[in-house]
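Q: I have a model open and would like to go through some of its backbone and packing details. Could you take me through them?

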Amino acid sequence: MNKSVPSAPLSGPVLLSSRWVIGHQDGKHAIFENGCVVYENDTVIFVGHDYQGDVAHRFDYGTAIISPGFIDLDALSDIDTTILSFDNQPSWKKGRVWPKSYMERGPYEMYSAEELAFQKRYSFAQLIRNGITTAMPIASLFYREWGETNDEFSSAATSAEELGLRVYLGPAYRTGNTFVQDDGSIEFYFDETRGLKNFQDALAFAEQMESRSSSLVKAMLAPDRIETCTPELLKRTVQASQDLDIPFRLHCCQSDTEFNRIVDAYGLSPLEWLNSLGLLSDRSLLPHGEYVCGSRNVSRKGNDLAIMRDTGATFVHCPVVSARHGSFMDSFSKFRHAGVRIALGTDTWPPDFIQNMQVGIMMSRVKDDSIQSVRSEHYFDAATIGGADALRRPDLGRLQTGSKADIIVINMDNDRIGHVIDPIQTLMMAGSNRDISTVIINGRFVMADGVIPDFDFAAAREQAQQQFDRLVSLYPDRTFGHPPVSEIFSSSYPSFDGQKKDS
């Protein structure tokens, strides 16, 4: 076994072996016990047993799973603030919706350019650490003056290439936002001129990215949320997506506020409205798919699932963040049997993709009141093949001859996991992000034995905490009634600081 793993790509064929290899055969994943994967440069050249060709480098991982990397189509690229709303509700009273007073004084950027650059690099390293080899980043606009900027995403592209993460990048834009009136009601504000200018900037960024020869950084378009986008903005987005042949992601079908807003404005469900405008296709990626006609989450009748199936659009299912907020796709099995395309996203901290699949399986079985409704491989498929197909990338999400060498190693040789009968079923029962030891993207070892070259996690965590604390201190500015931080965010129990001494 060669234990020396350089950060630069290895020359010549590289052979990886382990107890279980998740290869791809006859259009679906297959388990090769005591198998191997061989790749050269950035491409897989063999999966199976008894490779007979020349090998320049060998790595035997023993009792481990060698798998295609996970594809995260709603990947956190932020200093996550989900913890602030985990027990502190309702969101409109806790700074998650701008109050009218903040709108009138003029929203401002709560992050500096340096902080934005840091949070992208920090979160990209965390994605790699969690076995995510292809990511479509997402960050909150609650803390922004309006939309994201090209400069911050140019910096993000540099960070992705330096760390070796495969990404689809595009600054988020919108033509409107929600705000809280003085009486506590939620209203919508729109500035289409400003939003269309944001779109033009985002389009220029996409054109710039697509003109580059980078094998890791590609472009996407990122209108923020369906309820904060005017028809004109969405129509221009879809036309640009077609012209450049790139995906676009639109957060959709994720709340009753959004669903009711679209129904009240257009007399159609969100998916019916998008379809009526000709906006849905196999380039359309829609987180989160929780409020659709034909599900138990809404009473309105409609053909939303048929629309998704027939247009080829993809729901980006985010099990952990949905469950944390007391909601869930209804239901994974129903959507899958209806022929709807499903990929996965994390959209929260930590981006533990294994936990994401585990929670998805458990919540799906609860929603369906059936332990047989969904199996381990259904979620594993969504995490790999589903994301690749959503990106129209048959060279991703599977390990077979000709696919990209995006590979992760999951260590199964530890007492916490215990006995193994089936590697994927055991992973869904007992695995976690801590079991991911090695990550290879585009043929490059970007993490080995849990170490990412030239990235200091301890220093980064300290910087992230400082940035988080500063952001929390600004919350009164953008919270309804402007209460102090201590009133916005309650403590779980009375807290006593032993470091402070009486004067």
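Q: Is Cys253 buried or exposed?
A: In this predicted model, Cys253 counts as buried because its relative accessibility is 0%, where buried means under 20% relative accessible area, exposed over 50% and partly exposed in between, with a 1.4 Å probe and protein chains only. Cys253 sits in the loop between β15 (248–249) and α7 (256–266), helices being DSSP runs of H or I with at least four residues and strands runs of E with at least two, numbered from the N terminus.

Q: What about the phi of Cys253?
A: Cys253 has a positive phi of about 60 degrees, although it is not a glycine. Most residues other than glycine have a negative phi.

Q: And where does Asn442 lie?
A: Asn442 is in the loop between β20 (436–441) and β21 (444–447), its phi is also positive, near 60 degrees, and at 15% relative accessibility Asn442 counts as buried.

Q: Switching topic, which residues does a cis peptide bond join?
A: One such bond joins Asp330 and Ser331, with omega about -15 degrees, and another joins Trp349 and Pro350, with omega about -15 degrees.

Q: Where is Pro350 found?
A: Pro350 is in the loop between β18 (341–344) and α12 (353–368).

Q: Any ground rules for these values?
A: Residues are numbered from 1 along each chain as its sequence is written, and side-chain values use heavy atoms, leaving out hydrogens and water. Local features need pLDDT of at least 70 and side-chain atom pairs count only at pLDDT 80 or more, while totals for chains, interfaces and linings use all residues.
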